[in-house]
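Here are my notes on the model you sent over, as numbered points. Have the structure open while you read.

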Amino acid sequence: MTNVERLISTCVELGATQAMVNLGVTSGEISLRKARNIYGKWFMDAYHNNRIFPVRVEDGRAGTKVFSVTDILKLKAQDSLKAEIIFK
């Protein structure tokens, strides 16, 4: 998949996610573990480099970190756009 295709795909996913959040279908939040499983190394690198932060941390022994899916997708789109600009 090219950077442009990845950017378009991410923007479409972002729009759909935002629509679902606005309609109240979903909270638009995801745990650190689930985000790692879906977005992989890219997400974990962004998290460890303080490029994305949890929207809340739940109580309890493990303190589950919860992230906004729209924030994740916005950062992913920005990274795809930067990659395309640098590539050109």
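1. Let me begin with R56. At 37% relative accessibility, this residue counts as partly exposed. Its side chain meets that of E29 in a salt bridge, with 2.7 Å from N to O. That pair ties together distant parts of the chain, since E29 sits in strand β1 (residues 29-31) and R56 in strand β2, 27 residues apart. Keep in mind throughout that this is a predicted model.

2. R56 has another partner as well. E58 forms a salt bridge with R56, and here the closest N and O atoms are 3.0 Å apart. Put together, E29, R56 and E58 are linked in a network of salt bridges. Are the two glutamates buried or exposed, or something in between? E29 is partly exposed because its relative accessible area is 33%, between the 20% and 50% cut-offs. E58 is partly exposed too, with a relative accessible area of 35%.

3. How many salt bridges does the structure hold? The count is four. One of them joins the side chains of K41 and D45, at 2.6 Å from N to O. Unlike the E29 and R56 pair, which links distant parts of the chain, K41 and D45 both lie in helix α2, four residues apart, or about one turn of the helix. K41 counts as exposed at 62% relative accessibility, while D45 counts as partly exposed at 33%.

4. Now for the overall layout. The protein has three helices and three strands, and reading along the sequence gives the pattern α-β-α-β-β-α. Along its principal axes, the C-alpha trace spans about 50 × 30 × 15 Å. Of the contacts with a separation of 6 or more, 61% are between residues 24 or more positions apart.

5. A few words on surface and charge. Buried residues make up 31% of the 88 residues. The accessible surface comes to about 6000 Å², and 56% of that belongs to carbon and sulfur atoms. The protein has 13 positive and 9 negative charges, and the mean positions of the two sets are 4 Å apart.

6. Have a look at the nonpolar patch on the surface. V4, I8 and V12 make it, and its area is about 260 Å². V12 is placed in helix α1 (residues 3-23). What does its relative accessibility of 57% make it, buried or exposed? V12 counts as exposed, because 57% is over the 50% cut-off.

7. M20 also has its place in helix α1. At 38% relative accessibility, M20 counts as partly exposed. Leaving aside neighbours within four places in sequence, M20 is in contact with V25 and T26. If you want a distance to check on screen, try M20 to D59: they are 39 residues apart in sequence and 27 Å apart in space, C-alpha to C-alpha.

8. Two serines are worth a click. S80 lies in helix α3 (residues 69-87) and is buried, with a relative accessible area of 5%. Which residues does S80 touch, not counting those up to four places away in sequence? They are N3, R6 and L7.

9. The other serine is S68, found in strand β3 (residues 65-68). S68 is buried because its relative accessible area of 13% falls under the 20% cut-off. With neighbours within four places in sequence left aside, S68 is in contact with G28 and V55.

10. My last point is a backbone one. N50 has a positive phi of about 55°, although it is not a glycine. Where does N50 sit? Its place is in the loop between α2 (32-48) and β2 (56-57). At 53% relative accessibility, N50 counts as exposed.

How values were computed
Residues are numbered from 1 along each chain as its sequence is written. This is a predicted model: local features need pLDDT of at least 70, side-chain atom pairs count only at pLDDT 80 or more; totals for chains, interfaces and linings use all residues. Side-chain values use heavy atoms; hydrogens and water are left out. Buried means under 20% relative accessible area, exposed over 50%, partly exposed in between (1.4 Å probe, protein chains only). Patches are made of residues with over 30% relative accessible area and no salt bridge: like charges are joined within 9 Å, nonpolar side chains (Val, Leu, Ile, Met, Phe, Trp, Tyr) within 5 Å. Accessible areas come from the Shrake-Rupley method with a 1.4 Å probe; for residues, only the protein chains shown count as cover. Contact means heavy atoms within 4.5 Å. Lys and Arg count as positive and Asp and Glu as negative; His and the chain ends are not counted. The place of a charge is taken as NZ of Lys, CZ of Arg, CG of Asp or CD of Glu.
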